[in-house]
Structure formats: structure tokens, C-alpha cells
Amino acid sequence: MKNKDAIVKNIQDKGYCLVEGFLDEEELSKVIKGADEYFPDVDGLNKDAIEKLQHAVPFPFSANTLNQIPFDKNILDIAELVLNSSEIRLTSSFIQAKYGTRYAKSFDQPLHNDAWNASSLVWPNLAPQYQRLYGILYLTDVDDRSAPTGVVDKAQALQLPLLSNDNWARYLEEDYPELYKKETLIQAAAGDLLLFTGDLIHRGTAFRKEDGRRVAVFFNFHTASATWTGMHLWAGYPGREDWPSFAEFVESLS
Ligand SMILES: O=C(O)CCC(=O)C(=O)O
């Protein structure tokens, strides 16, 4: 594994780092065997069977090779350094798959940050101990047509507000065309690990090939001092249509 200090520096400078070869071939084959139980390869599956597999499966998993991933010593060391705390908590972890267009639809997300979306219902504090560290461990090869994660830079470096004018933490292509030109699609080999903080502008993209799948293990950490954020991924932004007066509610609290 690449030098941990270099990984931490990349995350601090750019908001993310791709750790190549995080799992070696032997580890990868054990982990993928565990993930296959939830998201099997397309061979022998029909469209209906794959449609039923669209939902993410939350931690804990049946195979301990999978459960072990977020507790990897190297990952925890990096989390301690990035979040500047030795009191690291696993917020959540899940496995998710995207399948070929022959079987299922997948979508391009808009570029967004997770400092709001997943991490906080109130204005996110970007001090290291209140950030979250996110990980996506790819278990299958990812090229530019098999749902690469798109990344740009930290919101501050791009001088972007964490909350856009319409109360969302997303940046639509029609409003921010230049941002999309700066996007890098992360092409990764099975076993590579993407680490990033909540202030990274990024997105999931669609699986554009007819066949195949992208399987990945997701996890994220917060610190014990971020008591309000524990054990939950918020499923939305202040601007969500079905939370019409939520922003007013938060503003009314002391
Ligand atoms: O699936 C990915 O590559 C990234 C997903 C993502 O950004 C999200 O769900 O917020």
C-alpha cells in the first residue's frame, strides 16, 4: 500500500485519493465471493432476477471477509489522520451493485457534496473532526463506461458554496457546465479503494455497457465528537421536495 502520509495529503489537498491495489488478488477473490452472495455475476441471471437486486445491502454481511473491510488497520490509521481524532466510529457500510443496461437502468447523479447530503441536516462544519471520511472499495474493474465515480475537487478550492441557491448540495450541469468539464472519471481495477471527504464535489455515474456489473463496498466514518451525525446516512438535502419546510424548521431551532 502507498505511503499513508501521501494518501492523507492527497485527501487533504484534493479531497480524495485512489489507493491502487488495496486488496491483493487472494484477498480480492475471498471478498468478491462474499459479495457474490448478494450481487451475483450476470451469467445465468435474467432481467427480473437482477431488477430485484437493485437495493444496497447494509452492514453486517454474511461473510466476515466483507465485515472486516472497514476495520482494516490501514484504513483506520488514515481515518484517524484525516479526521484528526483517535475516536473513530463506523457510521455505515453497505454493498451495492450496478448492472449492464441489458438488465437494469442506472443513472448519472448530478455532481454534489456529501457534507450536506449524507452527513448533516444542519450547516456542515468542515473542521477535520466534524467531517466524514468515505470509502468505495471497487470489487470489479471500473472503466469509463462501467459506472466510474466522477470527482472534481474540494468545494472550497472550486469556490463553490456547499449549499446551492435552491437549498441543494448538488450542482446541475445546466447551472455549472464548467464544473463538468473539470470532472475526472475514476477508472479503477478491482481491489482499488477510493477515499474522500464530504466536501469533495463528486458523483456516481451510470453503467453504460450492456453487460457486466460494478460491485463496490461503501463505508464511512465520523468521530466521537460529531455526536449529532452518528450511525445514520441522511437521505436528502435541505431542498428535498418531500421536506418542503424542513429548512425553516432547522432555522427555528436554537
Ligand atoms: O457510486 C459512486 O461511484 C458514487 C456514489 C455517490 O456519489 C453517492 O451515492 O452519493
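**View 1. Polar atoms that face the ligand.** In this predicted model, a polar side-chain atom of Arg-214 lies 2.8 Å from an oxygen atom of the ligand, a polar contact being a pair of N or O atoms within 3.5 Å. An oxygen atom of the ligand is also 3.0 Å from an N or O atom in the side chain of Gln-109, and one is 3.1 Å from an N or O atom in the side chain of His-202. Local features need pLDDT of at least 70 and side-chain atom pairs count only at pLDDT 80 or more, whereas totals for chains, interfaces and linings use all residues. Residues are numbered from 1 along each chain as its sequence is written, and side-chain values use heavy atoms, with hydrogens and water left out.

**View 2. The shell around the ligand.** The residues that surround the ligand, each with a heavy atom within 4 Å of it, include Asp-114, Ile-136, Thr-149 and Phe-218. By type, the shell divides into two nonpolar, five polar and three charged residues, where Asp, Glu, Lys and Arg count as charged, Ala, Val, Leu, Ile, Met, Phe, Trp, Tyr, Cys and Pro as nonpolar, and the others, Gly among them, as polar.

**View 3. Leu-66 in the largest nonpolar core.** This core has 41 residues and is a set of buried (under 20% relative accessible area, 1.4 Å probe, protein chains only) Ala, Val, Leu, Ile, Met, Phe, Trp, Tyr and Cys residues joined through side-chain atoms within 4.5 Å. Leu-66, Tyr-99, Leu-139 and Phe-221 touch the most other members. Leaving aside residues up to four places away in sequence, Leu-66 touches, with heavy atoms within 4.5 Å, Val-31, Gly-34, Ala-35, Tyr-38, Phe-61, Ile-95 and Val-217.

How values were computed:
A polar contact is a pair of N or O atoms within 3.5 Å; within protein, one must be able to donate a hydrogen and the other to accept it, and residues adjacent in sequence count only if both atoms are side-chain atoms. Buried means under 20% relative accessible area, exposed over 50%, partly exposed in between (1.4 Å probe, protein chains only).
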